[in-house]
Amino acid sequence: MTGNSQPLEVAMDFIKRINAGDLNSLCELMTEGHIFQDALGKRFVGRETMRQGWTQYFKMVADYQVHAEEFFQTDGRVAIFGAASGRYVGPHGPGTKAGNGAPVQPSAESIVGPSGFWEVPAAWRAVVQDGKIAEWRVYADNQPLRKLMGDTTP
């Protein structure tokens with residue numbers, strides 16, 4: 001991407017790279033001081049910090065997808081609305097083992113879909129600088145995923 005790229009094009013390219021699970025390509029599109037803010041308001045700063053973060057997330061959530069449906073752009077900021085989905089395969093997910101080696105059987109109320117599949121409405125805010133993503137914020141109710149992870153908070 002060049003500094004002349006349109007912010008919406010950059011944001012859509014970023015989503016394509018997320019959906020492909022292409023970590024190196026995804027990181028190439030982040031600024032060095034990239035800021036990621038999750039749905040709970042936690043902020044993570046730096047491309048290399050996010051390389052580690054996305055590595056862990058892609059291991060924990062297989063087939064993670066951003067389904068972008070609507071877009072609004074103001075200067076270098078893009079708002080994206082749609083849904084996020086994936087299949088939880090991390091600790092306490094289907095097929096994992098407890099400390100004693102026995103398979104973990106999630107409770108019926110923690111299962112969102114077959115094989116840990118979940119999908120939630122979501123929105124994202126991208127700030128584009130010089131053809132790269134300087135900030136990526138996620139707005140989603142990830143309670144279905146947190147339940148699969150063993151969170152008992154209502």
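I started with the secondary structure and found four helices and six strands in the protein. Worth jotting down right away: this is a predicted model.

Next I read the elements off in sequence order. The pattern I got is α-α-β-β-α-β-β-β-β-α, so I had my map for the rest of the page.

Then I looked up strand pairing. I took β4, residues 77–88, and β5, residues 117–129, and found them joined by eleven bridges. The two strands run antiparallel. To pin down the register I picked Arg77 and looked for its bridge partner in β5, which turned out to be Val127.

I moved on to the other pairing of interest, β5 with β6. Strand β6 covers residues 132–140, and eight bridges tie it to β5. This pairing is antiparallel too. As a register check here, I noted that Ala122 stands opposite Ala140 of β6.

What sits between β5 and β6? I found a hairpin with two residues between the strands. I checked the backbone there and wrote down Asp130, which has a positive phi near 50°.

Last, I pulled some whole-protein numbers. The protein has 154 residues, and 42% of them are buried. For contacts, I looked at pairs of residues at least 6 apart in sequence: 60% of those contacts join residues at least 24 apart. I also got the accessible surface, about 8400 Å². Carbon and sulfur atoms account for 52% of that surface.

Notes: Residues numbered from 1 in each chain as written. Predicted model: local features only at pLDDT ≥ 70, side-chain atom pairs only at ≥ 80, totals over all residues. Heavy atoms only, no water. Buried < 20%, exposed > 50% of the residue type's maximum accessible area, 1.4 Å probe, protein only. Contact = heavy atoms within 4.5 Å. Areas by Shrake-Rupley, 256 points an atom, 1.4 Å probe, with all protein chains shown as cover. Pairing = 2+ DSSP bridges.
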